[in-house]
Amino acid sequence: MKIELQNITKRFGNVLANDDVFLTVEAGTIHGILGENGAGKSTLVKILSGFIRHDRGTILLNGKPTEVKTPAAAIRAGIGMLHQDPLDFPTLSVLDNFMIGREEGKAKTSSVVLPKKLAKKELKTLAFEFNFYLDVNEILGNLTIGERQQLEILRLLSLGVKTLIFDEPTTGISALQKDALFAAMRKLADSGKSLIFVSHKLEDVGVLCDRVTVMRQGKVVGKAKLPCPENRLVEMMFGRELATPNKPKTASAEIALQLDNIIVKTERLTLQIDELNIKSGEVIGLAGLEGNGQKLLLLICAGLLSPTSGNIMINGQDMSKKTYQNYLKAGVGFLPADRQKEGLVNGLTIQDHVALRQSLGKRAFVNWKEILTVSKDKISLFNIRGKADTKVESLSGGNQQRTQLALLPMPLKLLLMEHPTRGLDIESTIWVWQQLIARCQTGTTILFTSSDLDEIVQYSDRILVFSGGNVSAPIDTKELTVNKLGQMIGGKFEDGGLGTRDWGLGTGEE
Ligand SMILES: Nc1ncnc2c1ncn2[C@@H]1O[C@H](COP(=O)(O)OP(=O)(O)OP(=O)(O)O)[C@@H](O)[C@H]1O
């Protein structure tokens with residue numbers, strides 16, 4: 001289906017999120033929408049998929065002006081959108097989620113069992129067609145984001161959509177799931193569907209898309225047919241070329257984090273680390289497919305999960321069996337992946353968050369005047385597109401991430417982060433890492449996860465690879481390439497070379 005957006009304009013208060021936007025997406029193509037944080041990409045695709053009403057402008061579907069007033073109306077018109085956080089029901093099964101959105105009449109026919117049987121068959125056939133491995137009876141909450149996304153694609157296809165919108169779909173999924181996703185997207189385009197791919201990642205846009213539209217501050221600032229040189233796209237996004245910083249050496253000889261005989265048992269995994277020593281100022285990347293023990297390590301180091309056994313020392317202080325408050329006092333900070341559920345509180349403003357953070361563990365009156373000044377400083381320093389009284393849910397994804405980063409205490413001894421730059425554009429990612437490296441230069445030790453292997457290789461001093469609860473010995477990043485790391489995550493270890501056939505830190509068992 002050919003999509004044409006003409007003169008699309010949308011204002012939120014005094015923010016002009018979309019300013020007279022024109023976009024054409026031909027049937028049978030993948031169209032990228034690139035842009036810095038807050039550029040207006042999500043607003044545009046939410047308008048097309050009926051989640052937001054535009055103030056002005058026209059949507060043409062196959063040349064016909066069409067009103068898309070609600071998400072249900074969009075699906076009826078053949079447009080489906082995959083959100084950054086899939087909109088599904090975690091307590092229901094994969095099959096039940098697949099059946100959501102079918103018109104009521106279908107489910108009410110002679111028997112409820114028959115449609116369910118048919119739906120199961122359809123789900124299995126579609127999954128097979130796209131090489132997605134989904135257990136139809138599994139509870140959805142047990143699936144990874146990548147698997148939930150695969151299910152959502154199949155659900156939208158079964159509802160008959162002809163246009164699929166992907167808003168930052170590679171965020172939080174594994175490299176293998178990304179390959180499967182891109183293969184499915186190409187297959188869909190080849191079968192005549194039109195696809196819109198919203199992203200910050202130039203490389204992804206480069207390998208996947210046929211054309212790209214670049215947005216900045218609500219406006220379309222450039223269009224290109226791909227392939228096109230990456231630096232041209234960067235210039236369009238930011239109005240200039242960007243220089244990538246090199247990570248200087250920040251590690252000292254002092255040991256900041258010491259783990260001895262750690263065992264963490266959960267229902268799905270046993271994480272075992274016999275001995276691990278991390279130096280002060282060091283950056284350690286935790287690589288591996290999601291759910292292989294990286295988060296468990298971060299949680300025990302943050303004092304948010306007690307290991308089944310073993311000892312944790314932070315800066316020479318025995319933290320075993322200490323409370324979370326003790327960890328905070330010892331200078332430990334944690335940045336969770338799910339900013340909407342774990343990091344920020346919907347309904348609260350930026351200054352409410354600053355007040356919460358400042359009063360954590362203290363019984364003190366809140367000095368709102370001071371909080372307002374601090375909030376304004378943080379908004380300006382972290383370049384957050386919002387005001388002190390802006391509720392966090394109305395910030396763009398990237399601006400929510402900046403808010404989370406701005407709320408991290410200063411100084412910290414140990415900073416533990418899940419996906420620190422998730423949702424940030426390239427310029428912000430570079431800026432954030434400059435701030436993080438500056439922290440390391442003053443002695444902060446960082447452990448972080450990222451699904452972006454380039455980020456892990458670029459910024460880590462050493463890397464731990466996780467697989468099914470097994471943890472590799474720390475590998476010096478200079479000895480690694482992204483390719484080699486990808487192979488290790490996939491379980492391929494070479495004898496010789498890196499010499500990491502011996503996993504080093506213990507043997508996890510499932
Ligand atoms: N519901 C809302 N209420 C108020 N302002 C909003 C709302 N949704 C978006 N905005 C503002 O509109 C602007 C564009 O936001 P949008 O989410 O479209 O950007 P984006 O390009 O998708 O950014 P990101 O890459 O960070 O996700 C931002 O300044 C954002 O704060």
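This briefing covers confidence, the ligand shell, two sheets and some backbone details. The model is predicted. It scores ipTM 0.98 and pTM 0.69. The chain has an average pLDDT of 86. The ligand lies between domain 1 (3–238) and domain 3 (343–395 + 402–408), because both domains give residues to the shell around the ligand.

**Confidence**

- A pLDDT of at least 70 is reached by 90% of the residues.
- Strand β4 (residues 56–61) has the highest confidence in the chain, at a mean of 97.
- Helix α4 (residues 104–107) has the lowest, at a mean of 42.
- Residues 495–504 have a pLDDT below 50. Beyond near neighbours in sequence, this stretch has 13 contacts in the model.
- Residues 506–510 also have a pLDDT below 50. Here the model shows 19 contacts beyond near neighbours in sequence.
- Where pLDDT is low, the predicted coordinates should not be read in detail.

**The shell around the ligand**

- The ligand has 20 residues around it. Those that come nearest are Phe12, Ser42, Thr43, Ser396 and Gly398.
- Three elements each supply at least two residues of this shell: β2 (15–25), α1 (41–48) and α15 (397–406).
- By type, the shell holds 13 polar residues, five nonpolar and two charged.

**The sheet with β1 and β2**

- This open sheet has four strands, in the order β2-β1-β4-β5. The pairing is antiparallel.
- The edges are β2 and β5 (64–65). Each has a single partner strand, so one side of each is left without a neighbour in the sheet.
- Helix α1 packs on this sheet and touches β1, β2 and β4. The direction of α1 makes about 120° with that of β1.
- Strand β1 (residues 3–12) pairs with β2 over seven bridges, in the antiparallel sense. One bridge sets isoleucine 3 against valine 25 in β2.
- β1 and β2 form a hairpin, with two residues between them. In the turn, glycine 13 has a positive phi of about 55°.
- β1 also pairs with β4, over five bridges in the antiparallel sense. Here leucine 5 stands opposite isoleucine 59 in β4.
- This sheet and the ligand shell share an element: β2 is an edge strand, and β2 also supplies at least two shell residues.
- Helix α1 links the two topics as well. It packs on the sheet, and α1 supplies at least two residues of the shell.

**The sheet with β11 and β14**

- Four strands make up this open sheet, in the order β12-β11-β14-β15. The pairing is again antiparallel.
- The edge strands are β12 (270–279) and β15 (317–318). Each of them pairs on one side only.
- Strand β14 (residues 309–314) pairs with β15 in the antiparallel sense, over two bridges. Isoleucine 314 has glutamine 317 in β15 as its bridge partner.
- Helix α10 (residues 294–301) packs on this sheet. It touches β11 (255–265), β12 and β14. The direction of α10 makes about 120° with that of β11.

**Backbone details**

- Leucine 226 and proline 227 are joined by a cis peptide bond, with omega about 0°. Proline 227 lies in the loop between β10 (219–225) and α9 (230–238).
- A cis peptide bond also joins methionine 410 and proline 411. Its omega is about -5°. Proline 411 is in the loop between α15 and β17 (414–418).
- Asparagine 62 has a phi near 50°. That is a positive value in a residue other than glycine. Asparagine 62 sits in the loop between β4 and β5.

Definitions and conventions. Residues numbered from 1 in each chain as written. Predicted model: local features only at pLDDT ≥ 70, side-chain atom pairs only at ≥ 80, totals over all residues. Near = placed C-beta within 6 Å. Nonpolar A, V, L, I, M, F, W, Y, C, P; charged D, E, K, R; others polar. Domains from an automatic or database assignment. pLDDT = per-residue confidence, 0-100. Contact = placed C-beta atoms within 7 Å. Pairing = 2+ DSSP bridges. Axes fitted to C-alpha atoms, helices over the stretch in contact; angles between N-to-C directions.
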